[in-house]
Amino acid sequence: MRDLALLPKAHLHLHFTGSMRTSTLAALANAQGIKLPHHLVDDHALHVPADQRGWFRFQRSYDTARAVVRSEAAMRRIVREAAEDDAAEGSRRLEIQVDPTSYAPFVGGITPALEIVLDEARLASAATGVEVGVIVAASRTRHPLDARTLARLAAAHAGDGPGQVIGFGLSNDERRGNTADWAPAFRIARHAGLAGVPHGGELLGPEHVRDVVAHLKPARLGHGVRTAEDPDLLARIVDAGIALEVCPSSNVSLGVYPDAAHVPLSRLLDAGAEVALGADDPLLFLSRLNDQYRIARDEHGLDDAALAGLARSSIRASLASETSKREMLADVDAWLAAEPVPAW
Ligand SMILES: [Zn+2]
């Protein structure tokens with residue numbers, strides 16, 4: 001078996017606060033005299049039922065972690081370490097999503113909050129060799145008018161270079177709000193050339209995916225795994241070229257499937273879906289990017305050729321330049337062409 005850490009890949013589903021190392025969370029809390037609940041720094045992954053109470057527990061943990069991020073230095077550290085951790089896992093391209101609203105009070109507003117992330121993404125790209133692009137994500141818990149403000153801010157920083165905004169997302173509990181209400185924000189983003197990458201189809205099923213596709217016109221779906229429940233819808237998603245950011249550890253932690261073997265990865269791949277594996281929130285799920293590839297290998301029986309196929313999918317579904325994509329894809333071919341290291 002070949003070393004997954006050497007497999008070139010793109011990481012398309014990772015949240016800013018959720019990317020934090022446990023040790024960094026503990027250090028930031030300690031420096032501010034904040035006492036963290038033990039479950040945030042122990043070695044047990046979050047595991048909640050897939051209902052509203054479960055989501056509430058997840059969100060409370062996430063909010064507690066976010067509350068320690070109160071400075072420009074902390075924000076820069078998170079971006080830098082996310083790029084370093086991705087580099088160590090063979091990721092060549094990281095598309096990290098952030099809602100700058102939460103950090104705005106500590107750095108003078110949403111514009112500086114986003115610009116700090118963008119500037120550090122540019123520096124981290126140069127320092128680590130991982131291209132770091134930024135997705136601005138609105139939240140379903142806030143008013144859709146807030147999303148429009150964020151979309152305009154994202155549009156003002158749109159571009160395809162490192163440290164520019166490449167896409168626009170929508171996160172938080174899929175059950176919140178009316179999807180159509182966010183259509184204007186996605187229209188603003190789309191007109192600025194930003195790809196739409198909303199969450200959908202993890203906590204809710206095919207009906208919700210249909211709504212998200214109809215109203216938000218996504219280039220990719222955050223999760224979208226439950227599209228597997230409706231073969232016709234899945235075929236339409238495949239035909240439309242909408243990629244799926246599949247995060248198996250997240251699905252298990254949030255109780256969507258009882259274990260990683262039940263994530264319908266094979267069903268999605270057999271239907272021809274463009275699947276990009278992602279870690280989502282490693283801080284809470286204690287599972288990083290290569291753990292998702294390991295799950296595909298160990299729980300779904302994917303061999304190295306199929307794993308290289310997943311890596312190629314992640315690269316094709318990324319918002320990298322065509323030149324970068326060509327280079328990364330050639331390196332995936334080289335990984336597969338190399339002799340596997342004998343297992344001990
Ligand atoms: Zn997510």
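Axes here are lines fitted to C-alpha atoms, for helices over the stretch in contact, and angles run from 0 to 180 degrees between N-to-C directions. Keep that in mind for the views below, all taken from a predicted model.

**View 1. Helix α14 lies across strands β7, β8 and β9.** The helix covers residues 304-317 and runs at about 100 degrees to β9. Of the strands it crosses, β7 takes in residues 220-223, β8 residues 243-246 and β9 residues 275-277.

**View 2. Four strands make an open sheet, in the order β6-β7-β8-β9.** Pairing in this sheet is parallel. At the edges sit β6 (199-200) and β9, each with pairing on one side only. Zoom in on β8 and β9 and you'll find three bridges joining them, with Leu-244 standing opposite Val-275 of β9.

**View 3. Val-246, a residue of strand β8, up close.** Is Val-246 buried or exposed? It has 32 C-beta neighbours inside 10 Å, and the cut-off for buried is 20 or more, so Val-246 counts as buried. Setting aside anything within four places in sequence, its contacts are His-223, Val-225, Leu-265, Leu-268, Val-275 and Leu-277. Take Val-275 from that list: it is 29 residues away from Val-246 along the chain, yet their C-alpha atoms are separated by 6.4 Å.

**View 4. Helices α6 and α7 pack with their axes 8 Å apart.** Helix α6 spans residues 144-156 and α7 spans residues 183-191. The angle between them is about 5 degrees; angles under 35 degrees count as roughly parallel, so α6 is roughly parallel to α7. On the α6 side, the contact is made by Pro-144, Ala-147, Arg-148, Ala-151, Arg-152, Ala-154 and Ala-155. Helix α7 brings Pro-184, Ala-185, Ile-188 and Ala-189. Sorted by class, that's nine nonpolar residues, two charged and no polar ones.

**View 5. Strand β1 is mostly covered and pairs with β2.** What share of β1 (residues 9-15) is buried? Seven of its seven residues are. The partner strand, β2, takes in residues 91-98, and the two pair in the parallel sense over five bridges. For one bridge to look at, try His-11, whose partner in β2 is Leu-94.

**View 6. The two ends of the annotated domain.** The unreviewed UniProt entry places "domain: Adenosine deaminase" at residues 8-335. The end C-alpha atoms of that stretch lie 8 Å apart. By secondary structure, the span is 49% helix and 14% strand.

Note on methods: Residues numbered from 1 in each chain as written. Predicted model: local features only at pLDDT ≥ 70, side-chain atom pairs only at ≥ 80, totals over all residues. UniProt positions renumbered as here; feature names shortened; annotations may be inferred. Buried ≥ 20, exposed ≤ 12 C-beta atoms within 10 Å, placed from the backbone. Pairing = 2+ DSSP bridges. Parallel < 35°, antiparallel > 145°, perpendicular 65-115°, else oblique. Contact = placed C-beta atoms within 7 Å. Nonpolar A, V, L, I, M, F, W, Y, C, P; charged D, E, K, R; others polar.
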